[in-house]
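Reader: Could you take me through the largest cavity in this one, and a couple of buried spots as well? I'd like to know what lines the cavity.

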Amino acid sequence: MGTQHHHHTRWEQLKHRLTPHSHDAADKIDPALESSRAGMRTLWISLVVLGATALLQAVIVSWSGSAALLGDTLHNVADALTAVPLGIAFWFGRRAATRAYTYGFGRAEDLAGVVIVLVIAASAAASAFVAVRRLVEPQAMTHLPWVLAAGAVGFAGNELVARYRMAVGRRIGSAALIADGLHARTDGFASLAVVFAAAGAALGWRWADPVVGLIITVAILVVLKDAAREVYRRLMDRVDPELVDRAERELRLIPGVRDVSGLRMRWVGHRLRAEASVVVDAHLSLLAAHEIAADAEHQLTHAVPRLTEATVHVDPDTHPGAGHHLRISHARATV
């Protein structure tokens, strides 16, 4: 058994040496395309789940004849459609870069995130308006068992979708998908309000409906804060400092790299890009320095999650840093 494993390992090593390794741009784009497909797949699956949830609610509405339930069902259907602009953004983001849009179209995803945040804000406003109106003009709730059932179905479907979207959003690095997951959670809260209001009405508490509505409004505002923070950070090019530390550690491990004099990272949609300056021996040939830079770019894209493109600038160890670049440029201009 041990001999077979030894032969197997030697064969893998030989095959690895003989197999040509391509490190061109196409290899770096593949993971980005796969993450876009994962995002689209998540949207389709969540839309199917939300569609089934709304259909079940509609059946309960038809049995109960409750106008309030009909309103909640239509609200869930309308809010589920916020996945459409995000789906368009994922599709749009796959387009190749042009001479005008040299970084591609990944930012469309962040614009969709802004739309989702605005929809969550509108949900909070609508929830507050309905709650205050019912405080001023209390309404008797009918068909309580049906209302409880429909509210429970709405909460379960939306919470399931919320967790799924946020999990995939974190895995592929999509702030907009995380925000859309949080948006599904607000819809779940709205359905949960229906459950608590029906339970309160069953106990004879007429104030339960508007008070629960106000509590849910506060919960939606908390979710709005989380969603807005996710999208704001992405629009401001915030990167998790741990990713920056990891990239810097990887650069220092590259043979020939003596120091890292600069490192910047930014998101374009759910794709991460890096720009780095590394310090190398001043006596290296141009070809040797280029090989170190190419190696650094390749290793970064493999070592840092969701990093699809890196640009590495080489500084000689006798003149590291951007300040020297300016002096060189001025000196060359006066020659």
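Author: Here's a walk through the cavity, followed by two buried residues. Quick ground rules: this is a predicted model, where local features need pLDDT of at least 70, side-chain atom pairs count only at pLDDT 80 or more, and totals for chains, interfaces and linings use all residues. Residues are numbered from 1 along each chain as its sequence is written, and side-chain values use heavy atoms, leaving out hydrogens and water.

There's one cavity of 30 Å³ or more, and it holds about 50 Å³ of space. By cavity I mean a set of points, on a 1 Å grid over the protein atoms alone, where a 1.4 Å probe fits but cannot get out; lining residues have an atom within 4 Å of a point. The volume is the space filled by probe spheres set on those points, which are joined across faces, edges and corners.

The lining is made of S36, A89, F90, G93, G106, E109, V268, G269, H270 and R271. Helix α4 (residues 83–93) gives the largest share, three residues; helices here are DSSP runs (H or I, at least four residues), numbered from the N terminus.

H270 also turns up elsewhere: S35 touches H270 and I172, not counting residues up to four places away in sequence, with contact meaning heavy atoms within 4.5 Å. S35 sits in helix α2 (residues 25–64) and is buried at 12% relative accessible area, buried being under 20% (1.4 Å probe, protein chains only).

The other spot is G169, in helix α6 (residues 144–172), buried at 0%. Beyond its neighbours within four places in sequence, G169 contacts S174, L177 and I178.

Notes. 1 Å grid on protein atoms, 1.4 Å probe; cavity = no way out; pocket = protein on both sides within 12 Å on 5 of 7 lines; lining within 4 Å. Helix = DSSP H or I, 4+ residues; strand = E, 2+ residues; numbered from the N terminus. Buried < 20%, exposed > 50% of the residue type's maximum accessible area, 1.4 Å probe, protein only.
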